[in-house]
Every structure is written in C-alpha cells, then in structure tokens.
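These are my notebook entries on one chain, kept in the order in which I looked things up. Each entry takes one residue, helix or total.

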Amino acid sequence: MRDLEIILGLLLVATLVQPIARRLDIPVAIAQVVCGLALSLIPFVRDLQFDPDITFTLFVPPLLFWAATTGSLRDVRRNARPILLLAVVLVLVTTGVVAVIAYAVAPRVSWASAFVIGAIVAPPDADVTTSIARRLGVPPRLVTILEGETLLNDTAAFVTYRMAVRAAVIGTFSLPSAAVQFLAIGASGVIVGLAVGWLIAQFVRLRADSIGEVTITLLAPFVAYLAAERLGASGVLAVITAGFSLSRFAPRVLSARTRVRARNVWETVTFLIGALVFTLIGVQLGRFAPMLWRSGEPWLVRATLYVSAAVIAVRLVWVFATTYLARRLGDDPLPSWRAVAVLGWAGLRGGDTLVMVLAVPYRTAAGAPFPGRDTVVAVGLGVIFITLVLQGLTLRPLIRGLALPHDDMVEIEERKARLEAEGAAKRRLEEIIRRQRLPRDVVDYLRAQIRLRTRLDLDDIAHLGGHDGQTTEDVVREAEQELRDAARQAVIRMRDDNVIGQEALRRIQYDLDLDEVRSVDESLAGARTSAESPPKS
C-alpha cells in the first residue's frame, strides 16, 4: 500500500511540474527527470522497488500502441529504408561499438557484459524528441522517421539484450541461431498483432457502446503483448501491428462519440505513463548516482563518459553517412543537412534503457555473481543522464538555431482532402434533395454547413474599419462559442430552477461539449498550419 501511495505522489508531482516546465520553456520530460532526481533524496522514495518485467508490461505496450494508432502507415512505408537503418542496423552497430569500448575501458567487464552494456544503451527514446519537434514545426518526414525508429528499435534492442544476457549467464552464444531466432520472433509477433487487430474489429461490429469500445482499445495492447510473449514472439511488434490495424479500420467502424472519448482517454493515459516513467528515471538516477563516484574507482566515470560519447558519435556519423550514401545509390531526394543534423542529435536514451538496466540479473546460471553488474548498471544510468541532459536541453535551441526549411506537404494534403470532402458532401446533398422535398431554407442551411465544415480556413474577412488580423474562421468560431455558452447557461438555469434534472443537463451538455471540442480542435489545427507556414512575401 505504501508503494501505491508513493506512485500516486510521484504522479501528482510530475503533473504539477508540467506548467512550470512550459513556463520555463524546457521539455516537460526532462523537467520530470530533474524532479525525480530531487525526490530521490527522500529515503522512502529512493527505496521504491519495481519488478522490471511488470514495469515494462505496464508502461511500454500502451505507449507503443497509441503511437502506432496515431501514426501513418503510409509514411512509415515511404520512409522504410531510413527507419530500418536506424531502428535495426544502427542498434546493432551501436551495440558492437559500445561493447568494444566498454571492454577496453572497464577492467571488470567481460565480453558478454560489454555486449549487455551495448544492447542497453543502443535504443534511443524519441518521445522527448518528437514532442519538441512537433511543437517547433519541423518537417513531417523527420517526425515520421523518429516515430518509426521508436516503434521498431525496441524489438532489435530487446532481442539483442536477451542474447547478450544469455551469453553472460550461460556462457554460450551462436550467431546463426540468434539470427534465425530474431527473424522468427519478429514474424510471429506480426502475426499475433494482426490476430489481435482482427479480434478488435469483430468486437466493434457487435455494436457495443462507446465506453465498451474504448475499454477494448485500452486492453488491446496488453492482450497483444502478453499473448505474443507467451508464444515466444515479439510482444513489441505484436503491439505495433495491432495499433496499425486499429488505425486502418477505426475511422470506418467507430462512432464519432467513441473516437472523441478514446482520444481524450488515451491522451490522459499516455501523459500519466510518460510522466511516471520520466520521474522514475530521475529517481533511479539519484538512487544509483553514488556508484559513479565511488572512491578509488575513477575509471567508472571515465567509462561512462567514453560510452556516452560513443553513443552520440556513432549516431551522428551513421545518420550523415547513410543519408548521403543512400542518395548516391538511389533516387531519394537529398534532405537538408540541417534536418540530418537534428536527426543525428536526437538520440536521447530513456525508458527502454532504464527497463533493461533494472532487468540485469544478479547471478549467472552457475550461481556466481553476474560479471560486472554494478558497472553495467552504473554506465547504463550514466548514459541516460548525459543524453537526456546534454542532448535534451540543447535539442530545442538546436532546432530553432538551424531554422529547418518548412515542408508544407501536410497542408497541401489537407487542402486536397477538404476539397474532396466538400465535393462528396455536395453530391450527397443533391441526391437527398432529389429524393426528398426539402424547404429551401433547409437546403441553404445544409449547403452553408458543408462549406463551414470543409473549406472555412484561409479566407480573410473584410472589415469596414480595416483588417484586424482575423479570418472568417476566427469570427465564426467566436460566434459559435457564444451560441454554445448561451445554450449551456440556459440549460443550467433550468436545472437550477428544478425544471429539469441532472441527467437531462448532462446529456445536453455533453453534446454541446462534443461540438466545442470539435471546434477547438479545428481551430488549433488551423493555428498550427498558420504558425508552420512561411510568411507570404
């Protein structure tokens, strides 16, 4: 019970940190890590223990599932080559380079333990990076590559990690067997994910209410992960595949009410999980920090610095080398060197590395202590701290300083989709008019609604006294909000006067709230479009 109280307290503090971080213009996740470091000074917080397997099962599947559900499968396919080069090949390359360096600079580390260190620090955690990138309006392709890397590098990293730990615990390793196992685990994970996605679709077709459908989406990542792990498959790939499957059929079969409710629930859940993960990273860093400064062992700090430098340098060299080599070998357009620099600097280590650090066993199969476990744990945590602080705090100034060129692909696609939606709605309206005799004022109203819902976003409004910077959309949104507020206040007065009950108020208010959420989302989308668009000459 005490641990639960501590966790709830950490969640509260991590939530309170958010507005402070935004006011100071620093990434929220890094602020939560620093907060965790401060909280680690409290003895009962520092002594909080977590089972690594349970922690990974509770935290990672929902984060990956939501990322896959909201991601673009089309864009991932288009950028498959850079994503695979980063998520699979770079993870393996980083593991090997770090293993060599760790073995050379850490006298108490065996080759097997050195490869464990390499596997632990190989996968970056792009949650911080993508949140910063989105807020600063970097090119969508860069965000897609970072998200795709995060989705897929877990499989490569965890399989490599398990192979390295197995070699350290048992003392044997077979490269051909590892390669076959890697492919089998990945393929079977995809199959399990497709099966879970199909089951979700069948449940939705039963026409459950929106609460039941949202609950199924919350359970789906855990079902996919646990089923895959029980069958010896990749739970990570199963979760990602199930998420992509849901993203394909959800727009067709889920109701608007379910989609609104699911979005609100999932955004809250992912925020809470992310807040707890980054706060726990800070707590664990504070807990194990003394290991880096033990008297008589300065080589431990040196090893941490060397490994951190290798992790950063390998990614930078790899990103630039593969980008320009791919351009020479194929017909891919050459990206801006500034975008490549941001991609290379975006290798922050976070939750995945922490989970693997905590999962390092204490003893081998023979009962002997795990070779160099203290060094493995200390170096892994040190790399998390250095990359989060050094790269995390400099990433936003770097993006702003490089002034990445604007990519208006999303805006072009949005305009195209709006025009197509308008045309489809107009054609259907003409069919309705022919089928049913509607009053002229109703027809005019429906035609006006079509325009408002599909095209109202760019035209400036003319004012007799001059232009004040408002668009037609701004004026309409304000008018709609005033109408909603008037309707809401009228219904509340009826409740206060005992004319209606609380249930009637709740139903009407929910419909008004849904309409307001829709309006706010469209307004924010328009604001992002304007902010990301280059100024007109």
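Entry 1, Leu86. I listed the contacts of Leu86 (contact: heavy atoms within 4.5 Å), leaving aside neighbours within four places in sequence, and found Val91, Ile145, Glu149, Arg315, Trp318, Val319 and Leu343. Leu86 sits in helix α6, residues 80–105. Helices here are DSSP runs of H or I with at least four residues, strands are runs of E with at least two, and both are numbered from the N terminus. I then checked the cover: Leu86 has 4% relative accessibility and so counts as buried. Buried means under 20% relative accessible area, exposed over 50%, and partly exposed in between, with a 1.4 Å probe and protein chains only. I also took the distance to one of its partners: the C-alpha atoms of Leu86 and Trp318 are 8.5 Å apart, with the two positions 232 residues apart along the chain.

Entry 2, basis. I noted that this is a predicted model, in which local features need pLDDT of at least 70 and side-chain atom pairs count only at pLDDT 80 or more, while totals for chains, interfaces and linings use all residues. Residues are numbered from 1 along each chain as its sequence is written, and side-chain values use heavy atoms, with hydrogens and water left out.

Entry 3, totals. I counted 21 helices and 0 strands in the protein chain. Of its 537 residues, 45% count as buried. Among contacts with a separation of 6 or more, 78% join residues 24 or more positions apart. The accessible surface comes to about 27,700 Å², and carbon and sulfur atoms hold 63% of that. Accessible areas come from the Shrake-Rupley method with a 1.4 Å probe, and for residues only the protein chains shown count as cover.

Entry 4, helix α1. I compared the span of α1 (residues 2–24) with its expected value: at 1.5 Å a residue its 23 residues should span 33 Å, and the end C-alpha atoms are 33 Å apart, which agrees. The expected span is 1.5 Å times one less than the number of residues. I still found a kink of about 25 degrees at Gln18, shortly before the proline Pro19. The bend at a residue is the angle between axes fitted to the seven residues ending there and the seven starting there. The buried residues I noted in α1 are Ile6, Ile7, Leu10, Leu11, Ala14, Val17 and Ala21. Many of these spacings call for the usual reminder: an α-helix has 3.6 residues a turn, so residues three or four places apart point the same way. The buried residues of α1 pack against α2 (28–39), α3 (43–46) and α13 (256–288).

Entry 5, positive phi. Which phi does Asp25 take just after α1? I read a positive value of about 60 degrees. Asp25 lies in the loop between α1 and α2 and is partly exposed, with a relative accessible area of 35%. Asn498 also caught my eye, with a positive phi of about 65 degrees although it is not a glycine. Asn498 lies in the loop between α20 (472–496) and α21 (502–532), and is exposed at a relative accessible area of 69%. For reference, most residues other than glycine have a negative phi.

Entry 6, helix α7 and Ile120. In α7 (residues 111–121), 9 of the 11 residues are buried, so the helix is largely enclosed by the rest of the structure. Ile120 is one of these buried residues. I looked up the largest nonpolar core, which has 124 residues; Ile120 and Ile281 have the most contacts inside it. The largest share of this core, 14 residues, comes from helix α9 (residues 140–170). A nonpolar core is a set of buried Ala, Val, Leu, Ile, Met, Phe, Trp, Tyr and Cys residues joined through side-chain atoms within 4.5 Å. Not counting residues up to four places away in sequence, Ile120 touches Tyr161, Thr353, Met356, Val357, Val360, Val376 and Gly380.

Entry 7, Thr353. I followed Ile120 to Thr353, which is placed in helix α16 (residues 351–358). Is Thr353 buried or exposed? Thr353 is buried, with a relative accessible area of 0%. Its side chain reaches the backbone oxygen of Ile120 at 2.9 Å.

Definitions and conventions:
Polar contact = N/O pair within 3.5 Å; in protein donor to acceptor, adjacent residues only side chain to side chain.
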